[in-house]
Amino acid sequence: MNEDTYWEMLTRQMPLVSTEEQEKFKNAKITVIGCGGIGGQCIEMLARMGIGELILVDEDKFDLTNLNRQSLSTTETIGCEKSAVAKQKVKTINPHVKVTSHTAHVDETNIGEIIGDSNLVIDALDNVLTRVIVSRKAVENKIPYVHGAIHGTLGQITVFLPNTKSYEEMFNLPSFGKELTEDVIEDLKNVASGTPPVIGPTPTIISCLEAMEAYKIITGIGKVTVAPKILTFDLLNLGSFSLEEL
């Protein structure tokens, strides 16, 4: 596909942004950590919005329990690596995107190489320890860290920048200001334990909000939900969405 097809694909989007602003997104690289419920739909949205390059990371394979919420999960992808499926999906949507996928467990030894020179990192994770590791590296690399989390019908999203409160500070985690020793890691694992309940619309909404925050940050349009402000919702309540400050 040639350059013209990229812009034709975005015909309905372009009245909202200038060509220069969209060019920023076209030339940007985003790392998405997690290709499941939040990550899968977020990755698809980024591809449809015209991102230039994606780094996709997930250590898992799809199973039957993913079908209720994970958009990349089908009866045909059961047993397949999530990051590889995500990469293939991106290429079917927008062949202009350069995509690298990693089936890997993220830890302190490889997070630097994974993020590399990305312009932004999106948190599509399901555990606190990995979020701490990723958020610390984002701060070190002076790049935005878009955080999203869910539980049941509850969702939250915010953006951490190098000059804002950190993820650990804002949520008062036991690791804040400490090295990740075995004891601290154990404390982090105890912050949230067990498999949380979840229904399909919750991660889908968070994923789209994260994609939009990434778009706003990179293009410079609109107002970003920057920490300590946090957008929260409960899909079972009227007037569900609220903007708070922690």
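Buried means a relative accessible area under 20%, and exposed means over 50%. Keep those cut-offs handy for the exercises below, and remember that the model is predicted.

**Exercise 1: a residue in β4**

Work out whether Val-121 is buried or exposed, and list what surrounds it.

*Solution.* Start with the location: Val-121 sits in strand β4. Next, take its relative accessible area, which is 0%. The cut-off for buried is under 20%, so Val-121 counts as buried. Now look for its partners, skipping neighbours within four places in sequence. Val-121 touches Thr-31, Ile-33, Ile-115, Val-134, Ile-143, Pro-144, Tyr-145 and Val-146. As a last check on distances, pick Leu-173, which is 52 residues from Val-121 along the chain; the two C-alpha atoms are 20 Å apart.

**Exercise 2: the surroundings of α6**

Find how many residues of helix α6 are buried, and what covers them.

*Solution.* First check the helix itself. α6 runs over residues 128–140, and its 13 residues should span 18 Å at 1.5 Å a residue; the end C-alpha atoms are indeed 18 Å apart. Then count burial: 10 of the 13 residues are buried, so α6 is largely enclosed by the rest of the structure. The buried set is Val-128, Leu-129, Thr-130, Arg-131, Val-132, Ile-133, Val-134, Ser-135, Lys-137 and Ala-138. Finally, see what lies over them: the cover includes β1 (29–33), α5 (111–115), β4 (120–123), β5 (145–151), α7 (167–170) and α8 (182–189). Val-134 ties in with the previous exercise, as it is among the contacts of Val-121.

**Exercise 3: the buried side of α4**

Identify the buried residues of α4 and decide where they lie around its axis.

*Solution.* Helix α4 covers residues 82–93, and its 12 residues reach 17 Å from first C-alpha to last, close to the expected 16 Å. The buried ones are Lys-82, Ser-83, Val-85, Ala-86, Val-90 and Ile-93. They span an arc of only 160 degrees around the axis, so they lie on the same side of α4. The general background is that an α-helix has 3.6 residues a turn, so residues three or four places apart point the same way. For the packing partners of this buried set, look to α1 (3–9), α3 (37–49), β2 (53–57) and β3 (98–102).

**Exercise 4: α3 against α4**

Describe how α3 and α4 pack, and then place Glu-44 in the picture.

*Solution.* Take the geometry first: the angle is about 25 degrees and the axes are 9 Å apart. Angles under 35 degrees count as roughly parallel, so that is the label for α3 and α4. The crossing is right-handed. On the α3 side, the contact uses Ile-43, Glu-44, Ala-47 and Arg-48; on the α4 side, Ala-86, Lys-89, Val-90 and Ile-93. Now zoom in on Glu-44, in helix α3. Its relative accessible area is 12%, so Glu-44 is buried. Beyond four places in sequence, Glu-44 contacts Ser-71, Lys-89 and Ile-93.

**Exercise 5: backbone oddities**

Locate two residues that have a positive phi although they are not glycines, and one cis peptide bond.

*Solution.* Begin with what to expect: most residues other than glycine have a negative phi, and most peptide bonds are trans. Lys-142 has a phi of about 60 degrees, lies in the loop between α6 and β5 and is exposed at 64% relative accessible area. Asn-172 has a phi of about 55 degrees, belongs to the loop between α7 and α8 and is exposed at 67%. The cis bond runs from Ala-227 to Pro-228, with omega near 10 degrees. Pro-228 is in the loop between α9 (201–219) and β7 (229–234).

Notes. Residues numbered from 1 in each chain as written. Predicted model: local features only at pLDDT ≥ 70, side-chain atom pairs only at ≥ 80, totals over all residues. Heavy atoms only, no water. Helix = DSSP H or I, 4+ residues; strand = E, 2+ residues; numbered from the N terminus. Expected span 1.5 Å × (residues − 1). Buried < 20%, exposed > 50% of the residue type's maximum accessible area, 1.4 Å probe, protein only. Arc of directions from axis to C-beta. Contact = heavy atoms within 4.5 Å. Axes fitted to C-alpha atoms, helices over the stretch in contact; angles between N-to-C directions. Parallel < 35°, antiparallel > 145°, perpendicular 65-115°, else oblique. Left-handed = near helix turned anticlockwise from the far one by under 90°.
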